[in-house]
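Visitor: Please give me a close look at the side chains and the partners they meet, told slowly and in one connected account.

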Amino acid sequence: QDSSLPVGVFIWEVENGKDEDLEVSIMFSLQNGTGTKEDRGGGHWNEPFAFEKEGERIAGVLLHHCTCVNPFTLAISAREKAGVRVTHLTAFNPMGSGREVWQDLLQDGRLDSPTGKSSPTEKGEVTAAAVCASCRVPAHGHGTLELALAWDMPCVHFGSKEKLHLRRYTRFFGSGGDAAPALSHHALTHYKEWERKIEAWQKPILENSQLPSWYKSALFNELYFMTDGGTIWVELPPDCRAEELQGPAGAGLSHLLPVLREYGRFAYLEGQEYRMYNTYDVHFYASFALIMLWPKLQISLQYDIAVTVVNEDVQPRQYLMCGQTAQVKLKNVVPHDIGDPGDEPWLRVNAYLMHDTADWKDLNLKFVLQVYRDYYLTHDCLYLRDMWPVCQAVMESELKFDTDNDGLIENGGFADQTYDAWVVNGASAYCGGLWLAAVCMMCKMAKVLGDAETQQKYMDILSKGKEAFERMLWNGKYYNYDSSGNSTSSSIMSDQCAGQWFLGVCGLDQGEFEVFPKSHVVSALKTIFEKNVMSFAGGTMGAVNGMRPDGVPDTSSVQSNEVWIGVVYALAATMIQEGLVEEGFRTAEGCYRTVWERLGMAFQTPEAYREKKVYRSLAYMRPLSIWSMQLALERRASRAPALTRAPLVPIPP
């Protein structure tokens, strides 16, 4: 409940070092609106309010923003208690000098608190409001002033305006658009409990002297994107029927309706510049933040993907890179994304226009890998049983990419995976490694579910595929980028061990399920550290995506000589899993220092940067993969399957 609330709390601790008592006032002012042209559309108005429940009283101002689409109310408030007085200014012009506000405040440390509503704004006008909390702080004493912000937009339309969605918090506070006072009261009376939970969650990591300070900062602060990533968390309509969700082919997902009804639908953007929800090839990396902190939201998201997999959209679309026309969504193929916020997400998927992603080689595999990882970490047997037929369907679809029946898929001679501007041809370290990892997990899932026939089928594929992968790609030190034999096929890809990353997370990296020889994995990681990390920018900027064997970055594409922060965090996690702990931290530290310190991009971590003067796509999903580093560290510390206990308390809002 509390993770869904649209609130913020601001606590001011006042310390008086003087020998006399002091009167202290803190004022909180806010414009009615979001800083867009709609703020000047006219018809917006403010009104004072007070709200009391169970002996606790708050007071402040409601700012009603009356747009035709997605209207909302903001509330600024403060907590009234013994010795604290709350006053307000209902409306003022924020485009002026502010003189009327300051004169009022400076006169006696309080605001005049006029009664009644303000007049609605005229077209072209903007309005604002202020609330002030005041208290007497005794000599050499302390005082506390507690203020809150709430924003109540219960009902939302996306760009197409076809469907009305209710936000998650309406389950607890109603959808009438009048919840801002109750939300504010709840925040101001519960924040101390939230602080205790946050401390209990963060303290074991923050007080671990073996972890560097930069890592602690990166781990917790990269989570900004979970809420700042255009995030939407909505309820299912109460009258929603299973048939509506399942579509023509989703009847096998027996727990789809119960899961979505209980936990809602969750979506976040690929990035603030790449406006597609739940971009799946990238979520593959970012999903560790969800499965470790809000596992039921990851399960819900997977159900949404699964029901999309088994259905299709036959509408034609022309794709930009190839100029060809194909249908928007094929059956039994994982979508690239679940839609554009400017259209109607969930109803119309695959907003991505560059390539026909039905021909991408990684999306289906990333679904299978996440299904087993989620099961391994949550032990949710119902989820595994529901997802098993979908995994079988997408793997059957993927088998067509094994054109020579050697147990290993081939890339198609274009940028047919998450590196969507980096051409790959034939067998490849990245997609081939993901494929073998997914085949291995199919064997494991079949064994868990008692499906001996399917297990044998994929054991046979795995046996052939492992031999082909080693024969075609292993060069004695690392896995070649691809098997095409062209001038860059021997490039050292920083992400070549992505399949091993997921296998290690799930304890499938040794014994009967070992896919990649341990000595080869360690050699590849050491080569990446030597070449992609230490031979790039003096070892201070993380790992470049592609490096030539002679220590020069691969410039064959616009992406091969970029550093992808989320990929680097995943690489660091893989290094930690394989015992290269120092190398893992050194690799990840370069990204943190570059983004959060040298480039000044705190809380807007980009997808990529280059060695000099170039970055791309600020505020991006993939760096949430840093939570896989934490999982790797926990596994090393416990030497037991991760998350059989519950070491992390879900983060409050």
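Guide: Buried means under 20% relative accessible area, exposed means over 50%, and partly exposed is what lies in between (1.4 Å probe, protein chains only). What you see is a predicted model, in which local features need pLDDT of at least 70 and side-chain atom pairs count only at pLDDT 80 or more, while totals for chains, interfaces and linings use all residues. Residues are numbered from 1 along each chain as its sequence is written, and side-chain values use heavy atoms, with hydrogens and water left out.

Let us begin with charge. A salt bridge (a side-chain nitrogen of Lys or Arg within 4 Å of a carboxyl oxygen of Asp or Glu) is found 27 times here. In one of these, the side chain of E146 meets that of R79, with 3.2 Å from N to O. E146 belongs to strand 8, which covers residues 142-152, and R79 to strand 5, which covers residues 72-80, so their salt bridge ties together parts that are 67 residues apart in sequence. Helices (H or I, at least four residues) and strands (E, at least two) are DSSP runs, numbered from the N terminus. When you look for the two partners in the model, look below the surface, since both E146 and R79 are buried. They do not stand as an isolated couple either, for E56 and K81 are linked with R79 and E146 in a network of salt bridges.

A second salt bridge joins the side chains of E235 and R171 at 2.8 Å, N to O. Here a strand meets a helix: E235 is in strand 11 (residues 232-235) and R171 is in helix 2 (residues 170-173), so this pair ties together parts that are 64 residues apart in sequence. The two ends differ in their surroundings, because E235, at 14% relative accessibility, counts as buried, whereas R171, with a relative accessible area of 34%, is partly exposed.

The third example stays inside one element, as E193 and K197 both lie in helix 3 (residues 180-206), four residues apart, which is about one turn of the helix. Their side chains meet in a salt bridge of 3.3 Å, N to O. Both ends can be placed by their accessible area: E193 is partly exposed because its relative value is 27%, and K197 is partly exposed because its value is 37%.

Now turn to the rings. Rings of Phe, Tyr and Trp (its six-membered ring) pair if their centres lie within 6.5 Å, and planes under 30 degrees apart count as stacked, over 60 as edge-to-face and the rest as tilted. A search of the whole structure finds 38 such aromatic pairs. One of them is edge-to-face and is formed by Y419 and Y430, with 5.4 Å from centre to centre and 90° between the planes. Y419 sits in the loop between strand 15 (411-414) and strand 16 (424-426), and Y430 sits in helix 12 (residues 429-449), so the pair ties together parts that are 11 residues apart in sequence. Y419 counts as buried because its relative accessibility is 0%, and Y430 is buried as well, because its relative accessible area is 3%. Elsewhere, rings gather into one aromatic cluster, whose members are W214, Y215, Y224, F225, W233, F266, Y268, F585, Y592, W596 and F603.

The loop between strand 15 and strand 16 also holds W422, which is buried because its relative accessible area is 1%. Although W422 and Q559 are 137 residues apart in sequence, their C-alpha atoms are 6.2 Å apart in space. Contact (heavy atoms within 4.5 Å) shows what surrounds this residue: leaving out residues up to four places away in sequence, W422 touches A415, Q417, Y481, M493, N545, G546, D554, S556, S557, Q559 and S560.

Two further residues complete the tour. Q298 has its place in helix 9 (residues 295-309) and is buried because its relative accessible area is 0%. Apart from its neighbours within four places in sequence, Q298 is in contact with H283, S287, L290, I291, Q370, R373 and D374. D402, finally, is found in the loop between helix 11 (381-398) and strand 15. With neighbours within four places in sequence again left aside, D402 is in contact with G407, L408, I409 and E410.
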